[in-house]
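Welcome! Here is a short briefing to help you find your way around the structure shown below.

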There are 2 protein chains.
Amino acid sequence: MPHDAPGGDVFVAIASPVRRALLDTLRQGPVPVRDLAAGFSISRPAVSQHLRVLRLADLVSESWVGREHQYRLNPGPLQDVRAWVTGYEQFWKDRLVGLRDLLDSGR
Amino acid sequence: MPHDAPGGDVFVAIASPVRRALLDTLRQGPVPVRDLAAGFSISRPAVSQHLRVLRLADLVSESWVGREHQYRLNPGPLQDVRAWVTGYEQFWKDRLVGLRDLLDSGR
DNA sequence: ACTATACGTAAGCAATACCTTACCTGTCAA
DNA sequence: TTGACAGGTAAGGTATTGCTTACGTATAGT
């Protein structure tokens with residue numbers, strides 16, 4: 001069983017543009033919810049709910065600093081995505097080789 | 001504007017395990033719908049509907065051989081996914097460097 | 001011409017996703 | 001202690017997804 005064991009599906013988590021944008025923002029370091037929500041037109045509770053999805057997918061972790069909830073990026077589960085996509089690189093290469101062979105044979 | 005211009009979102013398309021499995025199957029070459037559907041417990045129309053999503057995301061192309069509809073893998077749009085995920089590799093590397101520095105300084 | 005095969009699409013339905021408002025707890029500051 | 005701030009969660013509505021069955025169209029075989 002891959003990274004997303006607890007219950008969240010990484011592929012589902014990153015399917016939402018909002019959640020991808022949240023992750024992108026978190027690349028600059030831990031950010032409190034207030035600052036995260038500031039970048040979106042949706043309500044703060046909506047952001048909290050997106051963060052929940054990311055948390056269940058283990059893509060972010062939460063820590064408490066006073067009354068602020070800092071969210072921190074945890075890119076680990078993205079390796080599953082990367083691994084899956086990478087499987088298609090070979091397919092591309094094979095196709096390119098096939099094309100080259102075709103061109104060669106037609107020469 | 002990325003690969004998925006026509007209307008389909010690649011990230012959404014690959015969020016479904018069924019659709020990922022369909023793509024995986026297509027790596028072995030063009031396959032008619034009948035053979036694709038054989039690998040799943042859902043109905044054939046359901047598979048057709050998943051294929052529609054993949055088609056809108058430009059992840060597959062369709063060709064007609066007699067009464068068979070051959071589906072062919074087009075991994076191009078996956079580059080968008082790959083590109084996005086790759087952005088997080090640097091994050092990982094930075095974190096590892098930071099960890100090494102921390103370990104070094106504590107030595 | 002008739003029948004079977006291959007497949008898309010429409011209609012209908014249950015489940016889920018996503019948003020909002022309202023409310024709650026916990027923390028800081030005066 | 002009282003009020004403001006930070007943020008999770010519940011409730012409820014609407015939109016979308018994902019499936020099924022039923023049906024329509026095109027091709028292949030007899």
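A residue counts as near a DNA strand if one of its heavy atoms lies within 4 Å of that strand. With that in mind, let us look at this predicted model, beginning with DNA strand C, which has 22 residues around it. After that come DNA strand D and the way the two protein chains are related.

**Around DNA strand C**

- Among the 22 residues around DNA strand C, those that come nearest are A:Ser43, A:His50, B:Arg34, B:Ser48 and B:Tyr71.
- Sugar or phosphate supplies 60% of the strand C atoms within 4 Å of the protein, and bases supply the rest.
- From chain A, a polar side-chain atom of A:His50 sits 2.5 Å from a phosphate oxygen of DNA strand C, while a polar side-chain atom of A:Arg67 is 3.4 Å from a base oxygen of this strand.
- From chain B, a backbone N or O atom of B:Arg34 is 2.7 Å from a phosphate oxygen of DNA strand C.
- Two or more residues of the surface near DNA strand C come from each of these elements: α4 of chain A, and α3 (33–38), α4 and β3 (68–73) of chain B.
- With five residues, α4(B) gives the largest share of that surface.
- Sorted by class, the surface near DNA strand C holds seven nonpolar, seven polar and eight charged residues.

**Around DNA strand D**

- DNA strand D also has 22 residues around it, and A:Val33, A:Arg34, A:Ser48, B:Ser43 and B:His50 come nearest.
- Of the strand D atoms that come within 4 Å of the protein, 62% belong to sugar and phosphate.
- Three residues of chain A reach phosphate oxygens of DNA strand D: A:Arg34 through a polar backbone atom at 2.6 Å, A:Ser48 through a side-chain N or O atom at 2.3 Å, and A:Tyr71 through a polar side-chain atom at 3.1 Å.
- At least two residues each of the surface near DNA strand D are supplied by α3 (33–38), α4 (44–56) and β3 (68–73) of chain A and by α4 (44–56) of chain B.
- Here α4(A) provides the largest share, five residues.
- The residues near DNA strand D are seven nonpolar, seven polar and eight charged.

**How the two chains are related**

- A turn of 180° with a shift of 0.0 Å along the axis lays chain B on chain A with an RMSD of 0.0 Å.
- The two copies are therefore related as by a two-fold rotation axis.
- The copies meet through the same surface, because 100% of the interface residues of chain B are also interface residues in chain A.

Note on methods. Residues numbered from 1 in each chain as written. Chains lettered and ligands numbered in written order. Predicted model: local features only at pLDDT ≥ 70, side-chain atom pairs only at ≥ 80, totals over all residues. Heavy atoms only, no water. Polar contact = N/O pair within 3.5 Å; in protein donor to acceptor, adjacent residues only side chain to side chain. Helix = DSSP H or I, 4+ residues; strand = E, 2+ residues; numbered from the N terminus. Nonpolar A, V, L, I, M, F, W, Y, C, P; charged D, E, K, R; others polar. Least-squares fit on C-alpha atoms with pLDDT ≥ 70 in both. Contact = heavy atoms within 4.5 Å.
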